[in-house]
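This report covers a helix pair, a sheet and an internal cavity in one protein model. The sequence and structure are shown first.

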Amino acid sequence: MTAGVITIDGPGGAGKGTVSLAVAHQLGWGYLDSGALYRVLGLSAVRKQIAFENEAAVAAEAARLGVSFGADDPNLGVRVLLDGEEVTQEIRTEQAGKTASQVAALPAVRTALLQRQRDFEQPPGVVADGRDMGTTVFPHAGLKIFLTASAEERAKRRYKQLIKKGDDANIRALQQEIEARDRMDSERSASPLKAADDAITLDTTLMSIDDVVSTVLAMAAERGLSAE
Ligand code: C5P
């Protein structure tokens, strides 16, 4: 039995995680949150005081990283464990996103994490969420989506998520952080954030999550990618 692959790439806060999880649930497929791998790696490197300038040491940490995923939580998304310790909340902060983006810019780190991501391609299928799922990790995916929304709208969504979790947030500061991370992710030379040539771009600024999910599911069905 072969596995189907749907990739959902795009900038931070475009709703990739929520949409990918919902699509995976509807299809009965697995889900890869590739950003969580970079976030956990960043956390682990900080804890072990590995300097980000030391690319070989960060890549060695990426290769040995004891990361595992648990069931998903309606507010937190997929539960993430580092060497058995739950770090789901700790890796979701804006600071953890920035740290993730720094380690993600290192080519040796991306190479070290490549096979681990490809191992998620299991029957009946996987929905993979990230920046380079369609361009680098799963270039053969049956459906590639590039999800975007205006920076203002993405900041608003992040703000609502944080408030829902009971965190403090400032919408202007969030927008600046989101734009800074987009710049860092788009301008790096290793697997920069960009739509694959064969990706379908969906601007979700004026769409509800439910609309986006049903649009993606309709595209999947058109391509014969559906629940077994
Ligand atoms: O998607 P998320 O916000 O969790 O990703 C955190 C960071 O990890 C991104 O800003 C990006 O730098 C990096 N990342 C990446 N490639 C991926 C997924 C995430 O470089 N496939």
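In this predicted model, helix α3 (residues 55-64) packs against helix α5 (residues 107-118) at an angle of about 10 degrees, and their axes lie 8 Å apart. Angles under 35 degrees count as roughly parallel, and α3 and α5 are therefore roughly parallel to each other. On the α3 side the contact involves E55, V58, A59, A62, A63 and R64, which meet P107, A108, V109, A112, L113 and R116 of α5. By class, the residues of this contact of α3 with α5 comprise nine nonpolar, three charged and no polar.

The next topic is the sheet. Five strands form an open sheet in the order β2-β6-β1-β7-β8, and their pairing is parallel. Why is one side of β2 and of β8 left without a neighbour in the sheet? Both stand at the edges, each with a single partner strand, so one side of each has no neighbour there. Direction ignored, neighbouring strands of this sheet are turned by 20 degrees against each other on average. Helix α1 packs on the sheet and touches β1, β2, β6 and β7. The direction of α1 makes about 175 degrees with that of β6. Over 145 degrees counts as roughly antiparallel, so α1 and β6 are roughly antiparallel by direction.

The residue ranges of elements in this part of the model are tabulated here.

| Element | Residues |
|---|---|
| α1 | 16-27 |
| β1 | 4-9 |
| β2 | 30-33 |
| β6 | 125-130 |
| β7 | 143-148 |
| β8 | 200-203 |

Strands β7 and β8 run parallel and are joined by four bridges. One residue pair can be named: T148 has D203 in β8 as its bridge partner.

Strand β7 also takes part in the cavity. How many cavities of 30 Å³ or more are counted? The count comes to one, and the volume of the largest cavity is about 30 Å³. Its lining consists of T7, D9, G134, K144, I145, F146, K194, A195, A196 and A199. Two elements, β1 and β7, give two or more residues to this lining. The largest share comes from β7, with three residues. Sorted by class, the lining of the largest cavity has five nonpolar, two polar and three charged residues. Among the charged ones are D9 and K144, while T7 and G134 count as polar.

Definitions and conventions:
Residues are numbered from 1 along each chain as its sequence is written. This is a predicted model: local features need pLDDT of at least 70, side-chain atom pairs count only at pLDDT 80 or more; totals for chains, interfaces and linings use all residues. Side-chain values use heavy atoms; hydrogens and water are left out. Axes are lines fitted to C-alpha atoms, for helices over the stretch in contact, and angles run from 0 to 180 degrees between N-to-C directions. Angles under 35 degrees count as roughly parallel, over 145 as roughly antiparallel, 65 to 115 as roughly perpendicular and the rest as oblique. Contact means heavy atoms within 4.5 Å. Two strands pair if DSSP finds at least two bridges between them. On a 1 Å grid over the protein atoms alone, a cavity is a set of points where a 1.4 Å probe fits but cannot get out, and a pocket is an open set with protein on both sides within 12 Å along at least five of seven lines; lining residues have an atom within 4 Å of a point. Grid points are joined across faces, edges and corners, and a volume is the space filled by probe spheres set on the points.
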